[in-house]
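New to this structure? Here is a short tour to read with the model open beside you.

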Amino acid sequence: MDDKSNKLFFIPVLAVLFVMIGYQYICPAGSTSYTDEDGSITFQSKFNFTLEDLERHVDFDIKGNDVIVFLHIQKTGGTTFGRHLVRNIKLERPCDCKAGQKKCTCHRPGKAESWLFSRFSTGWSCGLHADWTELTNCVPAIMNKKQRKDANLYYITLLRDPVSRYLSEWKHVQRGATWKTAIHMCDGRPPTPAELPACYNGADWTGVSLAEFMACPSNLASNRQTRMLADLSLVGCYNLSSMSTARRAELLLGSAKRNLRRMAFFGLTEFQRKTQLLFECTFGLRFMEPFTQLNSTRAGAVGVGLAVRRYIEHLNALDVQLYEYARELFVWRVQRCRRRLRERRREQRRARREQRVSRARQCEKVGESKKEGGKPEGQSEEERTGVTEDYSGKVVRW
C-alpha cells in the first residue's frame, strides 16, 4: 500500500477516534443527557432509578384514615407551601382558617379528624421543625393515642438549592431567629450541650456575619436537609465520636436518599409549578390557584464571591449531593406524571368521540323510524317525543 493510500485509510480512523474521545468528555459513561419538555431543566442523568422509584400515585382517601405528614425543613419555602395545603386545595370540606389564628382546622368530611399533620393544621405537635427521626417516632404515637392505629401516613417535604437555602438561613438568623425550642429528639433523648454546643452566647445571634456563621462547627445550618431527612439513629444521633466523619457522612447521605425516595411526595422550591403539578398528580387533589415562582429572595440578593460560594458548597457537601439526586428524581417523576395526564386526556377524547358517534347513530335510527312512520324500537311514544301526555296538554300552542 503506497503512502497516499495509507493517508486515505487513516483519515476516517482518526475522525472516528476524535468523535469517540469528544463524546467521552461531553457524555461520560453511565450518563444520559436529558432536557425537560419546556427546556427549563437540562442535566446529565447519573442515577439508575427503578420504576417503583419513579411511579408516584396515591389513592388518597380523605374520608378514611389517610394522613399527609409535612416534614418542614427551614428556609425551603415550606411556610408558603404549608399555606397552600390549608388554604388552596379544592376540598369537599375546606380547612377552616380563622383570621388571626396560626392554625386551621382541617377535618375530614363528616369526621372531627384531621387529614393533615403540619405546622398550619396540628401545630408543632412533634417539636419545632421536627425532622424525619422525630416525626417517624412521634406521629404514629400520636395516632395511637387518638385511636387511629390503622392510619396511613404519607410523608412529604420540600428541598431547595443548598447554597441558596444556607444563605437564606444565615439572613434569617442574622435578623434574630434561633429555633432554640427545637427538641432534636433521637433515641429517646435530646442531644447534650457537649454533643450540640451553641454557636453564640446570649439570647440570639442577631447581626452575625457570614464568616462567623460559617465558622461554627456545630451550626445545624450545614447539611441541614440531609440531616433532617436521615435516620439519625444509624449514626449515634448527635454523638460525633460514635464513628469516623467519613462513615457518618456516608450513612447520613445514604439514609436521606433512601427516605426521600420512599416519601409519597417531595417538591423543589426552584420549580413551583412543577411542584404543584406533581403534588396534584400524586394525591389526586387540586389547588384552586397556581403556585407562584418568586425569583427575588433575600438569599438571591446576597452577593458572594466564587471562593465563598465554593466554601459554602464544601460545608454543605452532603446537601449538594442530595439535591442533585433529588433534582433528577423530581424531573423523572414530573415527566411520568405528564405522560399519565396526556394518556388520560387521550382516553377522555376517545370516550367523547365514541359518545358522539353513538348519539349520531341513535339520531339516524330515529330519523329512519320517522320516515317509516314507526317508533324507534324499545321506546314508548312519550320517550320518543320527550314529553308526557300531562305536560303536553298544558303547553300553550302558538
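What follows is a walk through a few spots worth finding. Keep in mind that this is a predicted model.

**A pair of strands**

Let's begin with strand β6, which covers residues 265-268. Its residues take turns: F265 and G267 point one way, while F266 and L268 point the other. Which of them are buried? All of them are, on both sides of the strand. The partner here is strand β5, residues 152-159, and the two pair in the parallel sense over four bridges. If you want one spot to check by eye, look for T157, which stands opposite F266 in β6.

**Two loop residues with a positive phi**

Next, a bit of backbone. Most residues other than glycine have a negative phi. Two loop residues here go the other way. N223 has a phi near 55 degrees, a positive value although the residue isn't glycine. You'll find N223 in the loop between α6 (210-215) and α7 (224-229). C237 is the other one, with phi near 60 degrees, again positive in a residue other than glycine. C237 belongs to the loop between α7 and α8 (245-262).

Are these two buried or exposed? The cut-off for buried is under 20% relative accessible area. N223 has a relative accessible area of 15%, so N223 counts as buried. C237, at 7%, is buried as well.

**Salt bridges**

How many salt bridges does a search of the whole structure find? It turns up 13. Here are some of them, including the N to O distance for each pair:

| Pair | N to O distance |
|---|---|
| R261 and D53 | 3.4 Å |
| K63 and E92 | 3.3 Å |
| E354 and R350 | 2.2 Å |

Take the salt bridge between the side chains of R261 and D53. R261 lies in helix α8 and D53 in helix α2 (residues 51-54), so this pair ties together parts that are 208 residues apart in sequence. D53 is buried, with a relative accessible area of 12%.

Now for the side chains of K63 and E92, which meet in a salt bridge too. This pair also links distant parts of the chain, 29 residues apart: K63 sits in the loop between α2 and β3 (66-71), and E92 in the loop between α3 (78-87) and β4 (116-117). K63 is partly exposed at 45% relative accessibility, and E92 counts as exposed at 62%.

The salt bridge between E354 and R350 stays within a single helix. Both residues are in helix α11, and because they are four residues apart, about one helical turn separates them. E354 is partly exposed at 44% relative accessibility, and R350 is partly exposed as well, with a relative accessible area of 32%. Elsewhere, E55, R336 and R340 are joined into one network by salt bridges that share partners.

**A positive patch on the surface**

Last stop: the surface. Which residues form a positive patch there? The members are R286, R344, R345, R346, R349, R352, R353, R356 and R359. To get your bearings, pick out R353, whose place is in helix α11 (residues 317-372). To join such a patch, a residue needs over 30% relative accessible area and no salt bridge. R353 is partly exposed, with a relative accessible area of 44%, so R353 clears that area cut-off.

Technical notes. Residues are numbered from 1 along each chain as its sequence is written. This is a predicted model: local features need pLDDT of at least 70, side-chain atom pairs count only at pLDDT 80 or more; totals for chains, interfaces and linings use all residues. Side-chain values use heavy atoms; hydrogens and water are left out. Patches are made of residues with over 30% relative accessible area and no salt bridge: like charges are joined within 9 Å, nonpolar side chains (Val, Leu, Ile, Met, Phe, Trp, Tyr) within 5 Å. Accessible areas come from the Shrake-Rupley method with a 1.4 Å probe; for residues, only the protein chains shown count as cover. A salt bridge is a side-chain nitrogen of Lys or Arg within 4 Å of a carboxyl oxygen of Asp or Glu. Lys and Arg count as positive and Asp and Glu as negative; His and the chain ends are not counted. The place of a charge is taken as NZ of Lys, CZ of Arg, CG of Asp or CD of Glu. Buried means under 20% relative accessible area, exposed over 50%, partly exposed in between (1.4 Å probe, protein chains only). Two strands pair if DSSP finds at least two bridges between them.
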